[in-house]
Amino acid sequence: MMAATGDTDIDVEAYDDVWVFVEQHDGEVASVAWELLTKGRDLADERGEDLVALVMGEDIDSIPEECIARGADRVLVADDPVFEPYRSDPYGEQFRYLVEERKPAIALIGGTHTGRDFAGRVAVPNHAGLTADCTELEMANDRYEMRRPAFGGDALATIICPDHRPQMSTVRAGVFPAAEPDPDREGEVIDVEVVVEEDDTMTEVLERDVGDVADITDADVVVAGGMGTEGDFDPLWELADALDGTVAGTRDAVDEAGSNRPDRSAKLARPSGRSCTSRPVSPAPSSTSRGWTTARR
Amino acid sequence: MDNGWNIVVCVKQVPDADDVSIDPDTGRLNRSDAEAVLNSPDYNAIEAALSLREAGGGTVTALTMGPPTAGEVLQVAVGMGADDGVLLTDRAFGGSDTWPTSLALARAAEELDADVVLGGEETTDSSTGQVPPGIAAHNGWAQLTYVEELEARPEEDRLVARRDVEGGYERVAAELPVVVAMGFGENTPRTADLHRKIYAETEFEPTEWDASDLGVEDEVGMAASPTQVGGMATADPVPREQSMVDSADELAEKIGEVR
């Protein structure tokens, strides 16, 4: 695959439009993509540019229409078996090509595991600026300003990218609201040239098992327990019921509850090993807050 | 592959926990106030590297970039069992964001003829998780992030990872060379053997490379970094209150009042 080049003489004026990477798995779009289309629409309007949705996968049918209903002026579709399921190397190579061809000014990517895996890879070959876990994105002082929590949330850093394009940002699910789709909106769907072949890939997905457990990034309310629960998740379930929420816990706590409470072990133990992880507690990104796992009952 | 894989584990020295301040002039992290420690997710990467060596032979080389004092985190890795350590240190690296940082590490990994490069999921001081994919992209190598478990398949020249994906997992086989970001907390890092630890802290000397050794002197530092810190604002503290409640319903009600 293509290794990076370090071209720093970039004509930033040649770059236009706001792109949103629409993460999908088996036709199921990650909810954060809709949130980013809403945010991207605002940014594009303010910049007087178009909002472009980028969809990669196999047999993509209704997703482009929904992207338009949710604010996209154009949808770039890369439809090929090489893009299903997600792998960083074919996705990265295709994205590099599209950026070179079409020169977007801004690219928004969901801060999911897939989105972060993708963003970290694609920022390099285009020598793009990439800011992780943004909580505010705005046009201010005549430039695109990305803000993210720093130092465990005690400070908010403003990150700018004056001389490189695209300006890329990852955003966690739930940071921005998603607007209701407007089925009457009009837009253009473009099938782009696929530049990756299966023979060029370096990875093979042997097995994929998702959907057996609630994704806590989709939950509005999460009641989370740590080792202080000492294996007793009953109060958490009670509170979750009262709040119509989902129960989650740190891995160690869920493990302990699973072994100590055989009557509920099937509900609390991790289904098929590790389950989804996220940072439901705070938008401030930090390794120390990682390791939540969903408990089920 | 007669002698096993060349395994490189990237580690970073970070300020301990929340004990940091911000330089009011530059908006950058003032590292001098806080005690410098090994980034905690890197322990999982070191453990994974040592386990790979146990399964298939080879060598483990710890790699870091930072000021001369960053050699301390190489001592931690060597104490845990790494065979050797390389320190990338040069004033030219100062102010690098993740693009040049991953470039320098990528060139060093090439120099070390790496088959597998491991790193922690992210650092506690920057929390981007961008460096492992960046290393892979700079070298055009495969990448595996959010990894829970690794299985070496030297007979196929492949490494198989179980990855955490939202709502489940996937198993992915990658051709060598490959860059792995281990998920935080996915294994139990071993404690350093006492004799090894004494060796690491007294006799071990890391190899030192500067930017020109790697041929990246014009591609690192603040000038080569696409992103810049444009400002830093202190976040407003969230007002906090404390009270005792007797039931889940009562607590739910109180939460409802502030939501």
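This passage describes a sheet shared by chains A and B, two residues of chain A and a helix pair of chain B.

The model is predicted: local features need pLDDT of at least 70, side-chain atom pairs count only at pLDDT 80 or more, and totals for chains, interfaces and linings use all residues. Residues are numbered from 1 along each chain as its sequence is written, chains are lettered from A and ligands numbered from 1 in the order in which they are written, and side-chain values use heavy atoms, with hydrogens and water left out.

An open sheet of four strands runs in the order E8(A)-E9(A)-E10(A)-E14(B), with antiparallel pairing. Strands (E, at least two residues) and helices (H or I, at least four) are DSSP runs, numbered from the N terminus. Two strands pair if DSSP finds at least two bridges between them. E8 of chain A (136-140) and E14 of chain B stand at the edges. Each has a single partner strand, so one side of each is left without a neighbour in the sheet. The twist averages 30 degrees from one strand to the next. Angles run from 0 to 180 degrees between N-to-C directions, and axes are lines fitted to C-alpha atoms, for helices over the stretch in contact. Helix H1 of chain A (residues 31-47) packs on the sheet and touches E8 and E9 of chain A. The direction of H1 makes about 5 degrees with that of E8(A). Contact means heavy atoms within 4.5 Å.

E10 of chain A (residues 155-160) is mostly covered, with six of its six residues buried. Buried means under 20% relative accessible area, exposed over 50%, and partly exposed in between (1.4 Å probe, protein chains only). Ala155(A), Ala157(A) and Ile159(A) point one way from E10(A). Leu156(A), Thr158(A) and Ile160(A) point the other way. E10(A) pairs with E9 of chain A (residues 143-150) in the antiparallel sense over five bridges. Here Met146(A) stands opposite Ile159(A), and Arg148(A) stands opposite Ala157(A). E10(A) also pairs with E14 of chain B (residues 228-234), antiparallel over six bridges. In that pairing Leu156(A) stands opposite Ala233(B).

Arg208(A) lies in strand E13 of chain A. Its relative accessible area is 26%, so Arg208(A) is partly exposed. Arg208(A) touches His25(A), Pro85(A), Val165(B), Tyr169(B) and Glu170(B), not counting residues up to four places away in sequence. The C-alpha atoms of Arg208(A) and Pro85(A) are separated by 8.5 Å, and the two residues are 123 residues apart along the chain. The side chains of Arg208(A) and Glu170(B) are joined by a polar contact of 2.6 Å. Another, of 3.0 Å, joins the side chains of Arg208(A) and His25(A). A polar contact is a pair of N or O atoms within 3.5 Å; within protein, one must be able to donate a hydrogen and the other to accept it, and residues adjacent in sequence count only if both atoms are side-chain atoms.

Thr201(A) lies in the loop between strands E12 (188-191) and E13 (203-210) of chain A. With 7% relative accessibility, Thr201(A) counts as buried. Its side chain reaches the backbone oxygen of Glu198(A) at 2.7 Å. The side chain of Thr201(A) also makes a polar contact with that of Arg87(A), at 3.4 Å.

In chain B, helices H2 (residues 71-80) and H5 (residues 194-202) pack at an angle of about 150 degrees, with their axes 7 Å apart.
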